[in-house]
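Grab a pencil and work through these exercises one at a time. Try each task yourself before you read its solution.

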Amino acid sequence: MGTFKIEGGKPLKGEIIPQGAKNEALQILSAVLLTPEKVKISNIPDIIDVNKLITLLGNLGVKIQKIGHGSYTFQADEVNVNYLETEAFKKEGGALRGSIMIVGPLLARFGKGYIPKPGGDKIGRRRLDTHFEGFINLGAKFRYNREDHFYGVESEGRLKGTYMLLDEASVTGTANVVMAAVLAEGTTTIYNAACEPYLQQLCKMLVCMGAKISGIGSNLLVIEGVEQLSGCEHRILPDMIEIGSWIGLAAMTRSEITIKNVSWENLGQIPNVFGKLGITIEQKGDDIYIPAHKDGYRIKTDIDGSILTIADAPWPGFTPDLLSIVLVVATQAKGEVLIHQKMFESRLFFVDKLIDMGAKIILCDPHRAVVIGHNFQSQLKATTMTSPDIRAGISLLIAALSAKGFSTIQNIEQIDRGYERIDERLRAIGANIVRV
C-alpha cells in the first residue's frame, strides 16, 4: 500500500483546475457500448476507478485511442460479449463498483449483461435492486448465481418500453435503466428518477447520439426507444465533489485559493452549505475565489437559534459525498453543527481518527455526529492514519494539512481512486506532501 507523508500547519496559495467528474465518467464511458460508431469523450479524469473501467471496455473488445490528456475515442463495433462469462471478467469486474454500469448498455444492444458482485467503498450495504428491477420491468429475465455472487440479465429480442416507479432515486440505477430503455421498443416512463447533473449529462449525450428523452433534469423521464444510436462528442463536467474538497481545504488551512472553471450552474447546494459554515465563497466568472480565513469562520444557527443540521439528500439536496468534508471543516469552525448522514451506512466511522487528532466530535450513532469547533484556538495534532474510503481519505488528508507537524496516511490507493494526481496538485499550491 502507498503512503502520504504530510507536513501540515502551513497556508497554501494558488489556482486549481478541478478534474473531470468521476461519477459522470463511469456512466458516460459505459454508454459507448450502445453504438458501433466512434464516440469521443474529453475531460476524463485520470484516476484508478475510471482507468479500470477503460481497461474493462478494452478487454470487451472496444477500440480505444488516447488522443490527448483526458481525451479518448471509443468504438464498440466488435464487442466480445462472451468475455462476460470468463474468470478474468469475474475478477476484473468485481474489483470495481462502477462495472455495474455496463449491464444496461450490453443488455439493450446484445440481449445480455452480466456482472460479478461489484466492489468499491466499504460504506455499508449498497443495493443493486433498482438496477435489476428496472431491467426486469423492460422484459429482461434475471439470473443470480449465489455461489459465485454473479448477476445476469438476458432478453430475447428487443426490450419493451413500459412505465416504472423506481423504489429509490438511485443515480446509477436510473442511469442504467435509461441506457437500457433508449434502445427498447416503445415508450418507457421512469418516475422517481434521479436528476443529478451526472444523470442530466448522460441523457444529453444519449440525445446527441440519437436517443429521444424528455424531462431531463426532472424526476420524470420519458424515453421513446430507437433502433440504433450513432457516435457523438461529449465533454465531462468538472467534479463537484473535488470542488467541494478544495473549498474545505482552503478553509481548514486558511489559504487563499481560486478554483477555476467550476460550472457554477451545476454546483447545486454546495456553495450554500459551505456558506452556512461561515466560509466566504466568491463567484468570479465561472471561478470560485476563497480568501484566506485568517480570523476563522463561524457556523450559522437556524433562524430560531437552534444548532445547525447539515444532512445529505438526493439532488437537488446536498450530496452525501461531501458530508465528510463538511465534518472535518467544522472541527475548526466557531460554533457547533450536527452532521446527519442519511443515505449511506458506516460513512462516519472515520471520525475516531479526527478525535485522536484532538477534534471535538460526538458520534451519536452510525448516521449522526455533533462537531464542536475549535475556532483555530487549538490545532489538530499530526498522527498516523489509514484511509478507509475515497471521501474519508480526502477528509483525513485535509485534516493532516491543517495539523501541526508530520502526519502519515496509509492505504492512499483509496484516495487515488477518486482524485487525480492529488499530491502533485497540492504541491503546486505549496503543500508539503510526499508519496512513499
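**Exercise 1.** Find out which residues in H10 are buried.

*Solution.* Keep in mind that you're looking at a predicted model.
- Step 1: Locate helix H10, which covers residues 323–330.
- Step 2: Apply the cut-off: buried means under 20% relative accessible area.
- Step 3: Go along the helix. Leu-323, Ser-324, Ile-325 and Val-326 are among the buried ones, and so are Leu-327, Val-328, Val-329 and Ala-330.
- Step 4: Put it together: eight of the eight residues are buried, and H10 is mostly covered.

**Exercise 2.** Work out which residues of helix H5 are buried and what covers them.

*Solution.*
- Step 1: H5 spans residues 129–137, and its buried residues are Thr-130, His-131, Phe-132, Gly-134 and Phe-135.
- Step 2: Look for the cover. It includes two helices you can pick out, H4 (103–110) and H6 (171–181).
- Step 3: Now add strands. The cover also includes S6 (112–116), S7 (141–145), S8 (150–154) and S9 (163–165).
- Step 4: Step just past the end of H5, and you meet Gly-139, whose phi is positive at about 105°.

**Exercise 3.** Decide whether Asp-77 is buried, partly exposed or exposed, and list what it touches.

*Solution.*
- Step 1: Place the residue. Asp-77 sits in the loop that runs from strand S5 (71–75) to helix H3 (87–94).
- Step 2: Its relative accessibility is 32%, so Asp-77 counts as partly exposed.
- Step 3: Skip the neighbours within four places in sequence, and Asp-77 has contacts with Pro-36, Lys-63 and Arg-109.
- Step 4: Zoom in on Lys-63: its side chain and that of Asp-77 make a polar contact of 3.1 Å.
- Step 5: Check a distance too. Lys-38 is 39 residues away along the chain, yet its C-alpha atom is 8.5 Å from that of Asp-77.

**Exercise 4.** Compare the surroundings of Asn-266 and Gln-200, and say which residues each one touches.

*Solution.*
- Step 1: Asn-266 belongs to the loop between strand S14 (256–259) and helix H9 (270–276), while Gln-200 is part of helix H7 (residues 197–208).
- Step 2: Asn-266 has 18% relative accessibility, so it counts as buried. Gln-200 has a relative accessible area of 17%, so it is buried as well.
- Step 3: Leaving out residues up to four places away, Asn-266 touches Pro-197, Leu-237, Met-240 and Trp-315.
- Step 4: With that rule, Gln-200 touches Cys-195, Ile-216, Gly-217 and Trp-315. Spot the name on both lists: Trp-315.
- Step 5: Finish with a side-chain partner: Asn-266 and Ser-263 are joined by a polar contact of 2.8 Å.

**Exercise 5.** Zoom out and explain why the protein counts as being as compact as a globular protein of its length.

*Solution.*
- Step 1: Count the elements: the protein has 14 helices and 23 strands.
- Step 2: Its radius of gyration is 22 Å, close to the 22 Å from the globule rule for 436 residues, so the protein is as compact as a globular protein of that length.
- Step 3: Look at the outline. Along the principal axes, the C-alpha atoms fill a box of roughly 65 × 50 × 50 Å.
- Step 4: Check the inside: 58% of the 436 residues are buried.
- Step 5: Check the contacts. Of those with a separation of 6 or more, 73% are between residues 24 or more positions apart.
- Step 6: End at the surface: about 17,200 Å² is exposed, with 47% of it supplied by carbon and sulfur atoms.

Key: Residues are numbered from 1 along each chain as its sequence is written. This is a predicted model: local features need pLDDT of at least 70, side-chain atom pairs count only at pLDDT 80 or more; totals for chains, interfaces and linings use all residues. Side-chain values use heavy atoms; hydrogens and water are left out. Helices (H or I, at least four residues) and strands (E, at least two) are DSSP runs, numbered from the N terminus. The radius of gyration is taken over C-alpha atoms; the globule rule is 2.2 Å times the number of residues to the power 0.38. Buried means under 20% relative accessible area, exposed over 50%, partly exposed in between (1.4 Å probe, protein chains only). Contact means heavy atoms within 4.5 Å. Accessible areas come from the Shrake-Rupley method with a 1.4 Å probe; for residues, only the protein chains shown count as cover. A polar contact is a pair of N or O atoms within 3.5 Å; within protein, one must be able to donate a hydrogen and the other to accept it, and residues adjacent in sequence count only if both atoms are side-chain atoms.
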